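Here is a short, friendly briefing to read alongside the model. Have the viewer open and follow along topic by topic.

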Amino acid sequence: MRLSLTALMLQIFFLSVPMMTRAAVVRDTITHGDYTLIVVNNAPDFSPETRQRLIDAFFIVYPEEATRFNKNTLRQVTFFIDPTYTGVAETGNGVSRFNPKWLKDHPEDIDVVTHEVMHIVQDYRHDGPGWLTEGIADYVRYVYGVNNLKSNWKLPPYRPNQSYTNAYRVTARFLLWIEKNKDQHIVDQMDAAMRDGTYTDSLWTKLAGSTVDGLWQQYANSPALELSYK
Ligand SMILES: [Zn+2]
């Protein structure tokens, strides 16, 4: 999920409050190679094992995502474990916020990291379709995820009531289908266009030979896709 500007400003303010004044907060800085992860933990009972798994996932997937999609992505990322947050996870301005209750209840869902930090790599500052932003982030979770199998995270099979605008996993599966059947660089090109402000709807026709609606119709007619999870 991407973070709204208002929520972002509140969060920046919150993170800027001196850590000394909030006794429960634990802040760690970890650097591996080119990348630094700051973990701000406001949940005293958050599982140290889960915390470590989030960190390990970051240092595996973030460099992979950066290498493929955006070598100029931020070198420093912050994870904010926030017990006041009621969503699953959201990201804005180099900060990914996670709900410790969600992770307590779904301890294998480590690849929320893989999805969220892709939003940092995406760095889309221009208007483009939100469903594509989230579809690409779940495409990336499928390709680079480290624990999807164990968490039983799957791309749902095609159903007639779906649309590419459903975003997330529905759009991710559609992108994989286009990649396999039409243009193997579709995601790289869409991602680059969303970042540099050159995305237009006509890009689908230019790259994959049909409008996005036409592609969806072809997908609906023949949606089979071989998938494997790790
Ligand atoms: Zn997202």
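A crossing is called left-handed if the near helix is turned anticlockwise from the far one by less than a right angle, and right-handed if clockwise. By that rule, helix 4 and helix 5 make a right-handed crossing. The model is predicted: local features need pLDDT of at least 70, side-chain atom pairs count only at pLDDT 80 or more, and totals for chains, interfaces and linings use all residues. Residues are numbered from 1 along each chain as its sequence is written.

**Domains**

- The domain assignment, automatic or from a database, splits the protein chain into domain 1 (5–122) and domain 2 (130–221).
- Their C-alpha centres are 25 Å apart, and the contact (C-beta atoms, placed from the backbone, within 7 Å) draws 16 residues from domain 1 and 18 residues from domain 2.
- On the side of domain 1 that touches domain 2, helix 2 (48–69) and helix 4 (112–122) are the elements giving two or more residues; helix 2 supplies the largest share, 6 residues.
- Helices (H or I, at least four residues) and strands (E, at least two) are DSSP runs, numbered from the N terminus.
- That side of domain 1 has 6 nonpolar, 5 polar and 5 charged residues, where Ala, Val, Leu, Ile, Met, Phe, Trp, Tyr, Cys and Pro count as nonpolar, Asp, Glu, Lys and Arg as charged, and the others, Gly among them, as polar.

**Helix 4 and helix 5**

- The axes of helix 4 and helix 5 (residues 130–144) come within 8 Å and cross at roughly 125°; the axes are lines fitted to C-alpha atoms over the stretch in contact, with angles from 0 to 180 degrees between N-to-C directions.
- That angle makes helix 4 oblique to helix 5 (under 35 degrees is roughly parallel, over 145 roughly antiparallel, 65 to 115 roughly perpendicular, the rest oblique).
- Helix 4 contributes Thr114, His115, Met118, His119 and Gln122 to the contact, and the helix 5 residues include Ile136, Val140 and Tyr144.

**Surroundings of helix 4**

- All of helix 4 is buried, 11 of the 11 residues, so it is largely enclosed by the rest of the structure; buried means 20 or more other C-beta atoms within 10 Å, exposed 12 or fewer, partly exposed in between.
- Its cover includes helix 2, strand 3 (76–81), helix 5 and helix 8 (186–196).
- Asp123, which follows helix 4, has a positive phi near 50°.

**Val39**

- Val39 sits in strand 2 (residues 35–41) and is buried, with 21 other C-beta atoms within 10 Å.
- Leaving aside neighbours within four places in sequence, Val39 contacts Asp28, Arg51, Ile55 and Phe79.

How values were computed. Contact = placed C-beta atoms within 7 Å.
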